[in-house]
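Hi,

Here is the structure I promised to pass on. Have a look at it first, and then read on for what I found.

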Amino acid sequence: MGIVAGLDSSSAFTHIVVCDTDSGAVLREGYAAHPVEAKAAEVDPQAWLLSLGEAASGGLLEGVQAIGVSAQQHGLVPLDQQGNLVRPALLGNDRRAQVAAADLVDGLGGRQAWAEAVGAVPSAAQPVAKLRWLARTEPENAQRVAAVLQPHDWLVWQLLGRPARRTTDRGAASGTGYWSAGSASYRPDLVELALGHSAALPEVLGPADSAGMTPEGLLISAGTGETMAAAFGLGVAVGDAVVSLGASGSVMAVHHEALADPSGMITSFADATGMHLPVVHLSNAVRALRGTAEMLGLDGLEELSALALKSTPGASGLVLLPYLEGERTPQLPHTAGTLCGLRRESMKPEHLARASFEGMLCSLADALDVLRGRGVEVRRVFLLGAAAELPAVQALAPAVFGTQVVVPQPAQYAAIGAARQAAWALGVSQGALDPHTPPPWQGAAAQVLEPGDELAVGGAVRQQYAATRDQIHPGAFGGRHPA
């Protein structure tokens with residue numbers, strides 16, 4: 001038996017898990033908040049190291065043989081020729097690069113050109129757009145940029161003692177906007193298009209590769225982005241989709257190939273195992289529930305859930321299109337939400353409550369169908385986020401999604417995924433594991449929900465939703481009609 005650690009450096013904290021290499025059982029954990037505001041758009045990366053050091057205090061890493069690193073995605077750490085910071089790191093939540101992203105789309109010849117080049121259309125979050133923003137707004141800093149890293153790359157480099165070799169993995173690289181998951185190669189011309197000159201990029205390691213050894217003799221695995229680490233920690237495989245319920249939402253699935261989507265609805269990420277993670281993002285998910293709860297004067301989502309279950313399927317004809325902040329899927333950035341089907345009998349709080357849950361879930365089902373429409377197999381759906389625990393979500397989701405729904409118990413899945421990667425790299429280095437087969441750790445403990453007899457009811461709810469969506473926003477899916 002060996003011991004490995006996985007650390008997840010998110011936007012707000014560092015969480016470390018220490019796991020048994022054979023079973024994946026979590027033996028001990030450490031946690032520390034970052035000494036910076038969680039919503040900050042830029043930060044000195046030293047804050048991540050301070051948090052890491054605090055989380056690992058008290059002998060947490062005693063006996064550990066290998067470490068895997070997961071970190072927040074889409075951050076940009078610009079370095080000069082000597083490897084020093086040019087300026088504070090730009091984080092994924094920084095939206096200042098929206099115009100820069102639009103400029104890049106035009107600069108390469110449109111959305112389809114980008115989708116074919118790297119599997120994604122530039123957005124403000126991506127490092128490629130941040131490079132263009134830097135070149136346009138801070139040209140002196142841009143000129144000094146000689147190398148570019150992301151947060152996970154930078155942390156691995158620091159743990160290894162800042163060697164000449166800098167590395168990343170295919171998962172994190174696939175979110176940059178200048179590495180193609182389809183061809184497994186960089187597009188340095190896109191870096192030059194964005195920044196105005198070339199810059200050194202980290203070597204892309206394979207899933208079971210080692211980044212190196214620390215001065216203390218610890219093996220460091222390739223590491224990856226938070227999304228990929230969480231998928232690896234959950235143990236998702238082909239046929240599985242993951243629906244994340246935050247204020248906004250996302251739907252991703254494991255697939256055998258990268259998907260180029262000229263519409264820009266699908267972002268083609270690579271995963272941490274050698275497969276691919278096509279992702280569809282939504283601007284609205286739980287924010288529709290919170291808005292409805294506030295409108296009804298309720299104290300929280302638990303009250304909204306209980307109220308919704310007093311209604312009936314279809315909410316007495318009430319349909320909520322939950323596009324409150326505009327929407328990414330379908331691409332309706334300047335629209336607003338719509339409430340339809342108001343009749344005297346439907347104007348009751350419980351029907352509005354249920355319509356909010358049905359609207360959110362039908363919108364997520366639309367996103368699932370975007371993936372299904374490209375040949376992605378979806379046999380079961382993992383439902384993540386605090387809202388996944390709500391009785392109304394659990395009662396409605398299997399029928400609306402039309403498939404088995406798995407609600408994992410809350411855990412630090414990104415950190416667990418990083419630890420599993422560390423165990424894989426350690427096993428390969430010792431000749432005990434196949435570089436193509438990760439360690440068979442036990443999957444997440446979860447509640448499994450089946451659609452059962454409600455499948456036809458869920459189909460009817462989706463038909464009612466789709467009819468309203470197509471009437472209000474005809475052609476929103478470009479001729480593809482989910483549901």
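A460 is partly exposed, because its relative accessible area of 43% falls between the 20% and 50% cut-offs. Bear in mind here, and for everything below, that this is a predicted model. A460 sits in helix α15, which runs over residues 455-472. If you want a distance to check in your viewer, the C-alpha atoms of A460 and A399 are separated by 9.7 Å, with the two positions 61 residues apart along the chain.

Now to V319, which sits in strand β20. Is V319 buried or exposed? With a relative accessibility of 5%, V319 counts as buried. Leaving aside residues up to four places away in sequence, V319 touches T338, L339 and C340, and also Q464, Y465 and T468. Helix α15 covers residues 455-472, so Q464, Y465 and T468 bring us back to the helix that holds A460. From the loop description further down you can also see that β21 is made of residues 338-340, and V319 has contacts with T338, L339 and C340. For a long distance to try, take V319 and A146: their C-alpha atoms are separated by 53 Å, and they are 173 residues apart along the chain.

The stretch after β20 has a feature you may want to look at. T329 and P330 are joined by a cis peptide bond, with omega at about 0 degrees. P330 belongs to the loop between β20 (319-321) and β21 (338-340).

S283 is another spot to visit. You will find S283 in the loop that links β19 (276-282) to α10 (286-295). S283 is buried, because its relative accessible area is 15% and the cut-off is 20%. Which residues does S283 touch, not counting those up to four places away in sequence? They are A247, S248, E325, G326, E327 and R328. The C-alpha atoms of S283 and S263 are separated by 16 Å, and the two residues are 20 apart along the chain.

Two backbone oddities next. H74 has a positive phi of about 70 degrees although it is not a glycine. H74 lies in the loop between β5 (66-71) and β6 (77-79), and at 17% relative accessibility it counts as buried. The other one is A184, also not a glycine, where phi is positive at about 55 degrees. A184 is in the loop between β10 (179-180) and β11 (185-186). Unlike H74, which is buried, A184 is exposed, with a relative accessible area of 53%.

One more residue before the overall picture: D369 is part of helix α12, residues 349-372. D369 has a relative accessibility of 17% and counts as buried. Between the C-alpha atoms of D369 and A315 there are 23 Å, and the two are 54 residues apart along the chain.

From the record, there is one annotation to pass on. An unreviewed UniProt entry assigns residues 241-426 to "domain: Carbohydrate kinase FGGY C-terminal". In the model, that span is 36% helix and 22% strand, and its end C-alpha atoms lie 29 Å apart.

As for the chain as a whole, its secondary structure comes to 15 helices and 24 strands. Why call the chain a compact globule? A compact globule of 483 residues would have a radius of gyration near 23 Å, and the chain has 23 Å, which agrees. Along the principal axes, the C-alpha atoms fill a box of roughly 70 × 50 × 40 Å.

Buried residues make up 57% of the 483 residues. Of the contacts with a separation of 6 or more, 71% are between residues 24 or more positions apart. The chain exposes about 18600 Å², and carbon and sulfur atoms supply 51% of that area. For the charges, there are 31 positive and 46 negative ones, and their mean positions are 5 Å apart.

That is what I have on this one. Shout if you would like to go through any of it together.

Cheers

Definitions and conventions:
Residues are numbered from 1 along each chain as its sequence is written. This is a predicted model: local features need pLDDT of at least 70, side-chain atom pairs count only at pLDDT 80 or more; totals for chains, interfaces and linings use all residues. Side-chain values use heavy atoms; hydrogens and water are left out. Helices (H or I, at least four residues) and strands (E, at least two) are DSSP runs, numbered from the N terminus. The radius of gyration is taken over C-alpha atoms; the globule rule is 2.2 Å times the number of residues to the power 0.38. Buried means under 20% relative accessible area, exposed over 50%, partly exposed in between (1.4 Å probe, protein chains only). Contact means heavy atoms within 4.5 Å. Accessible areas come from the Shrake-Rupley method with a 1.4 Å probe; for residues, only the protein chains shown count as cover. Lys and Arg count as positive and Asp and Glu as negative; His and the chain ends are not counted. The place of a charge is taken as NZ of Lys, CZ of Arg, CG of Asp or CD of Glu. UniProt positions are given in the numbering used here, feature names are shortened, and annotations may be inferred rather than shown by experiment.
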